[in-house]
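This report describes selected features of the structure shown below. It proceeds from single residues to sheets, a helix, a metal site and the cysteines.

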Amino acid sequence: MIDLHCHILPSIDDGAKNTDISLAMLREQREQGVQAIMFTPHFNFSRIDVEGFVEVRQKSYEKLMAVSEVAELGMKFKLGCEVYFSTKLNETDLDPLCFEGTNYILIEFPTDQRPYGLRHTIVDILNRGYQPILAHVERYPYFTEDPTQLFDFVEQGCVAQINAGAILEGDKAALRYIKWGMAQLICTDAHNMKNRAPNLEEAFRYVKKKYGEDYVDWFEKNAIDVYKGKYVDEPELKKPKKILGFWL
Ligand SMILES: [Fe+2]
């Protein structure tokens, strides 16, 4: 298994506060069968510029790699980030924000309202040859209220990610996106060892029980493809239809 969204790097965002917590999270990931990790600390244009962020992230990464027990885990790591949506993405060199060695860029959105310029910015990113990964898509009410909006993004080449925790909580939006083929990645978005701990194994167990082994294989393969910078297989999408006020 590969986790492509987690906040394990130490003292860089609201994730792991120090290397002890980072190490505990990595150990837990390893125990659950995770072999490779994309580190994705938060990046927000309103707090720091890209250059400054890359520098801080590198320092945090080096601090973690200096912990001798980390190497003993035998895991693979790459650097990425989780970008908070901004129309500034249109005028920014996205390479330093992409998952290392790939054209994938993980983007999260405000949860209160649909941000200005969402479609324009995402389409522009796609046109520039990058592949946006839309973080925890189950969280946005404007997608839940009209899932065809997310459908259109996925159809155009975006990759939709859902959180393992949402699946385990039985989040209706997350489960419907799986049903419609609109979710291609499951990641932990782990922040700590308490309320947002690594939980990929449990989520995949749930998916296997509810949807079957093929779904687990599909999610695992997609994560490997993204980690390697390959295209993920095109999903078999079912366009949501509104019938008698319900999205089916
Ligand atoms: Fe996150």
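In this predicted model, Ile107 lies in strand E6, which covers residues 104-108. Ile107 has a relative accessible area of 0% and is therefore buried. Leaving aside residues up to four places away in sequence, its contacts are Val83, Phe85, Leu89, Ile122, Ile125, Pro132, Ile133, Leu134 and Ala135. Asp124 is 17 residues from Ile107 in sequence, and the two C-alpha atoms are 14 Å apart.

The largest nonpolar core comprises 87 residues, and those touching the most other members are Leu4, Leu26, Phe39, Leu97, Ile105 and Ile186. In soluble globular proteins, nonpolar side chains tend to be buried together. For Leu97, the contacts beyond four places in sequence are Phe43, Phe45, Val50, Phe53, Cys81, Val83, Thr92 and Ile105.

**Sheets**

Six strands, in the order E3-E5-E6-E7-E8-E9, make up an open sheet with parallel pairing. Strand E3 (42-43) and E9 occupy the edges with a single partner strand each, so one side of each has no neighbour in the sheet. A second open sheet holds three strands in the order E1-E2-E4, again with parallel pairing. Its edges are strand E1 (2-3) and strand E4 (76-79); each has a single partner strand, so one side of each is left without a neighbour in the sheet.

The table lists three of the strand pairs with their bridges.

| Strand pair | Bridges | Residue pair |
|---|---|---|
| E1 and E2 (residues 36-39) | two, parallel | Asp3 and Ile37 |
| E3 and E5 (residues 82-84) | two, parallel | His42 and Glu82 |
| E6 and E7 | four, parallel | Tyr104 and Gln131 |

Strand E7 is covered on both faces: Gln131 and Ile133 are buried on one side, and Pro132 and Leu134 are buried on the other. Among these residues, Pro132, Ile133 and Leu134 are also contacts of Ile107.

**Helices H6 and H2**

How is helix H6 placed relative to the rest of the structure? Helix H6 spans residues 148-155, and six of its eight residues are buried, so it is largely enclosed by the rest of the structure. The buried residues are Thr148, Gln149, Leu150, Phe151, Phe153 and Val154. Their cover includes helix H4 (118-127), strand E7 (131-134), helix H5 (141-145), strand E8 (159-163), helix H8 (172-179) and strand E11 (246-247). Just after H6, Gly157 adopts a positive phi of about 120°.

Ser60 belongs to helix H2, residues 50-65. With a relative accessibility of 4%, Ser60 counts as buried. Not counting residues up to four places away in sequence, Ser60 touches Leu9, Pro10 and Ile12. Between Ser60 and Glu169 there are 32 Å in space, C-alpha to C-alpha, and the two are 109 residues apart in sequence.

**The iron site**

Which protein atoms serve as donors of the iron ion? They are His5 (NE2), His7 (NE2), Glu82 (OE) and Asp189 (OD), at 2.1 to 2.2 Å from the ion. The spacing of the donors along the chain is H-x1-H-x74-E-x106-D. His5 and Asp189 link distant parts of the chain, being 184 residues apart: His5 is in the loop between E1 and helix H1 (19-31), whereas Asp189 is in the loop between strand E9 (185-187) and helix H9 (200-211). Both His5 and Asp189 are buried.

Why is the arrangement of the four donor atoms irregular? The angles they subtend around the iron ion run from 83 to 171°, whereas a tetrahedral assignment requires all angles to lie between 85 and 135 degrees. For reference, the ideal angle for four tetrahedral donors is 109.5 degrees. Glu82, one of the donors, also stands opposite His42 in the pairing of E3 with E5.

**Cysteines**

A disulfide is counted when two cysteine sulfur atoms lie within 2.5 Å, and by this rule the count is zero. For Cys98, the nearest cysteine sulfur is that of Cys81, 8.3 Å away, and Cys98 is in no disulfide. Cys98 counts as buried, at 3% relative accessibility. Cys158 is likewise in no disulfide; its nearest cysteine sulfur, belonging to Cys98, is 13 Å away. At 1% relative accessibility, Cys158 also counts as buried.

Note on methods:
Residues numbered from 1 in each chain as written. Predicted model: local features only at pLDDT ≥ 70, side-chain atom pairs only at ≥ 80, totals over all residues. Heavy atoms only, no water. Buried < 20%, exposed > 50% of the residue type's maximum accessible area, 1.4 Å probe, protein only. Contact = heavy atoms within 4.5 Å. Core = buried A, V, L, I, M, F, W, Y, C linked by side-chain atoms within 4.5 Å. Pairing = 2+ DSSP bridges. Donors = N, O, S within 2.8 Å, 3.2 Å for Na, K, Ca; no water. Tetrahedral: all angles 85-135°; square planar, octahedral: opposite > 155°, others 65-115°.
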